[in-house]
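Please open the model in your viewer and keep a selection box at hand. The tour below moves from one selection to the next and says what is to be found at each stop.

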Amino acid sequence: MQSSSKSLRRSGLLLLFPCLFWGVVAFLPAPVLPTRDPSSSSSCLHAENNNNKEPNPLSKLFTPPATTNPFASFGQQVTSFFEKLMSGGGLPPASSKALPPPTPKPRRRTGGPVSVVFGATGRAGREIVQALLKEGHDVIAAVRNESKLNDVFGSYALTGTTPAASGQGLLDYVTGVDVTNPATLMEGDVPDVLKEAAHVVVALGPVGGLQPGGGFGFFPGLTSEDVDYKGVVKVVDAVAAAMGAGKKGGKKVSMEEEEEKRQTLFRFETPEDVAKWQRLDDVIMGGRSSSTLQLNAEKGYATYTGSLVVEDGGFCGTRASGAGVSVDLSGFDGVRLRVRGDGRRYKLNVKTTDTLASENVYQAAFDTMDLEEGEGWQTITLPFHRFFPVVRNRVDYRGAPLQSSSQVAVSFGLVYSRFEFNRQANPYYAPGAFALAMQELSLYRSQRPAIVLVSSAGAERNAKVETEEDRKKEIPIVMLNPGGILNWKYRAETYLRASSLPYTILRPCGLVPEKAFGDEPPTGKLQAGQGDVITGRLTRQDLGSAVAASLASPFSVGKTLEIRRDEAADANSKAGVGKRERTTDMTAIELFQPLVKDKDRAVSGQFNLLPFPEAVDPPAPVSKERAQEILNDPRVKAQQERDRALVAEKGMKKEEGGGGRVEEGESPAVSVGAAK
């Protein structure tokens, strides 16, 4: 009887299987039917279409995708279903208690800033991730699925609970993210992840390869328009919604309004406030100058006033130190003062735990406006890099810069002197009476970018082209502009600039493998430009360090810039007095501090920095013949020769070659999910 029952069950299953299978398949939506999976494709440039007798010259820009089996998961479920029936276990009764919900994936955090990276598995994106981890960021990779994350970063990077080194961050991830589908950015874990994030980095790019009818191009739904423009717009909207960013106002924002944090150290409203400051004039060295701090309690400020006598000295000073003055500088960008001055140049002293020797101090000079009572107050902003290590008025060129992340201030002081630094005359001093009214002295921290967009050099340059004759005079990537990629990237930039989010837009020049610079380190000194007029090259590790620097610096906010490696012979030399170790903070100051904010380009007065051009639709694609002409350009040929030399001399694989924008096979830093 038992044997007969088993035979009957097997016969029933044989009949049931085809009914179940084809019945389910008949109702599967088109997206899960067998197809190529563009998200699994690698990049591009070196694939050839062997099916065509006349390969498209643009074949160097794409590679065909791999294929996947969308029924794998379904097949596993069906197999498990039948195994239970065959074992006699059967289906669970309808009244069975529901299974508990799956345990949420634990969040992997060290307490550092949280940065979400869209495009984390591409060749550019992975270097950005590594650079952020090294700077102590906890990175969340926003990806379609886990499989490529494991391939790129390894299983331990996604499961380990200990950073790779002290001070570094941990890598986490959120799956199911498709920037071409806005629902995936507004549902599930993504909104919570974006709310948690201090920063978001977008390093996306289109996906392309061998087309069904032959030739090469971007896949439908994953074109540059879909990803570089519409996808980025969706990410910007999602970030703005998560961070509660509203519309931009119609007035210019002051530095104080851009503050993220402020800590008041001194106010000058009471006798107790004034008593914290002690006179420190040149009389201690035989001079005759004198000064005092006079309180105006009724109006809530004090005036530092006195008489400067040049003979036998020539300086006046006042200092606050001792109990209650010590303050941790970490997390702050500098010192801010509210003063009403007399048109003279003063100096602010900060003594830290690294300058405890009596004559050592960090010192920054500042100029005041000549304001009368009732004419308002002047805000003086002194970022920490403005403070020089000084020993008795002489700059200590071997001294370490003021590193706020590791120092505690133990005293603050004001100085009015006939000398500036190194016994050079103060250009804005006069013997006799002086007066500096003071309302407040505080530490401040300014905004960092909420979002960094990795775009491409050539995007703005392309938008300025109006005729085909103009285009023929441009660099190769602008002449080719495959799929209108530069137009769509520029449209995305324009959308982000119009948003209310604090942003930075990086336009890397030609991305090259690290071996392209021979025996030099993978990262080097970087140069920045604005207006899209420079050309050059850099490694993806350079790009990663630039992204990390942008997130560390308030000077990057609201700026669009091109970046390249400084290839001067002495660019990375550490020889010479005054040469400082290259750090992320140093890179940030060098790159971003001298640049003009985007909103101020029209009034900057800088030569050759013109207002942004209008975003326009892409031109008609170039013909095969024209594409071949462009690829025959001497600049392209020269880069191809360099590629061949790299392959021969450095033992590189063919797919690692590519130095310029055209030969590299991608616009700089495009592609993830395909980013390569």
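A residue is called buried when its relative accessible area is under 20%, exposed when that area is over 50%, and partly exposed in between. Arg 109, with 25% relative accessibility, therefore counts as partly exposed. Please bear in mind throughout that this is a predicted model.

**The whole chain**

Before selecting anything, look at the protein as a whole, which has 18 helices and 26 strands. Of its 676 residues, 48% are buried. Among the contacts with a separation of 6 or more, 78% are between residues 24 or more positions apart.

**Salt bridges**

Return now to Arg 109 and select Glu 196 with it, since the side chains of these two residues meet in a salt bridge with an N to O distance of 2.7 Å. Glu 196 belongs to helix H7 (residues 190-196), while Arg 109 sits in the loop between helix H2 (72-86) and strand E1 (114-118), so the bridge ties together parts that are 87 residues apart in sequence. Glu 196, at 28% relative accessibility, is partly exposed.

Next, select Arg 445 and Glu 260, which form a salt bridge whose closest N and O atoms are 2.8 Å apart. Which elements does this pair tie together? Arg 445 lies in strand E20 (residues 432-446) and Glu 260 in strand E7 (residues 259-267), so the linked parts are 185 residues apart in sequence. Arg 445 is partly exposed, with a relative accessible area of 22%, and Glu 260 is partly exposed as well, with a value of 48%.

A further pair to display is Glu 311 with Arg 288, whose side chains form a salt bridge at 3.9 Å, N to O. Here loops are joined: Glu 311 is in the one between strand E10 (301-308) and strand E11 (315-321), and Arg 288 is in the one between strand E8 (277-279) and strand E9 (290-296), so the pair ties together parts that are 23 residues apart in sequence. Glu 311 has a relative accessible area of 48% and is partly exposed.

To see a network of salt bridges, select Glu 460, Lys 464, Glu 493, Arg 497, Arg 507, Glu 562 and Arg 601 together, for these residues are linked in one. Over the whole structure, a search finds 33 salt bridges.

**The second largest cavity**

The search for enclosed space finds three cavities of 30 Å³ or more, and the second largest holds about 50 Å³. To find this cavity, select its lining, made up of Val 202, Leu 204, Asp 228, Val 232, Leu 453, Val 454, Ser 455, Lys 489 and Ala 492. Helix H8 (224-243), strand E21 (451-454) and helix H13 (485-497) are the elements that each give two or more residues to this lining. By class, the lining has six nonpolar, one polar and two charged residues.

While helix H8 is in view, select Lys 230, which is found in that helix and is partly exposed at 36% relative accessibility. Lys 230 and Trp 488 are 258 residues apart in sequence, yet their C-alpha atoms are 8.5 Å apart in space.

**Nonpolar cores**

Now colour the largest nonpolar core, which has 39 residues; those with the most contacts inside it are Val 129, Leu 132, Leu 171, Val 201, Leu 543 and Val 547. The elements that give two or more residues to this core include helix H3 (123-134), strand E3 (171-174) and helix H14 (540-552), and strand E21 is also one of them. What surrounds Leu 132, leaving aside its neighbours within four places in sequence? Its contacts are Ser 115, Val 117, His 137, Val 139, Val 201, Val 547, Ala 548 and Leu 551. A second, separate core of 38 residues includes Val 274, Ala 302, Leu 348 and Phe 434.

**Two positive phi angles**

Most residues other than glycine have a negative phi. For an instance of the opposite sign, select Asn 481, whose phi is near 45 degrees. Asn 481 is in the loop between helix H12 (476-480) and helix H13, and is buried, with a relative accessible area of 5%.

Finish at Asp 532, where phi is near 60 degrees, again a positive value. Asp 532 is found in the loop between strand E24 (526-529) and strand E25 (537-539), and its relative accessible area of 2% makes this residue buried.

Conventions:
Residues numbered from 1 in each chain as written. Predicted model: local features only at pLDDT ≥ 70, side-chain atom pairs only at ≥ 80, totals over all residues. Heavy atoms only, no water. Salt bridge = Lys/Arg side-chain N within 4 Å of Asp/Glu carboxyl O. Helix = DSSP H or I, 4+ residues; strand = E, 2+ residues; numbered from the N terminus. Buried < 20%, exposed > 50% of the residue type's maximum accessible area, 1.4 Å probe, protein only. 1 Å grid on protein atoms, 1.4 Å probe; cavity = no way out; pocket = protein on both sides within 12 Å on 5 of 7 lines; lining within 4 Å. Points joined across faces, edges and corners; volume = space filled by probe spheres on them. Nonpolar A, V, L, I, M, F, W, Y, C, P; charged D, E, K, R; others polar. Core = buried A, V, L, I, M, F, W, Y, C linked by side-chain atoms within 4.5 Å. Contact = heavy atoms within 4.5 Å.
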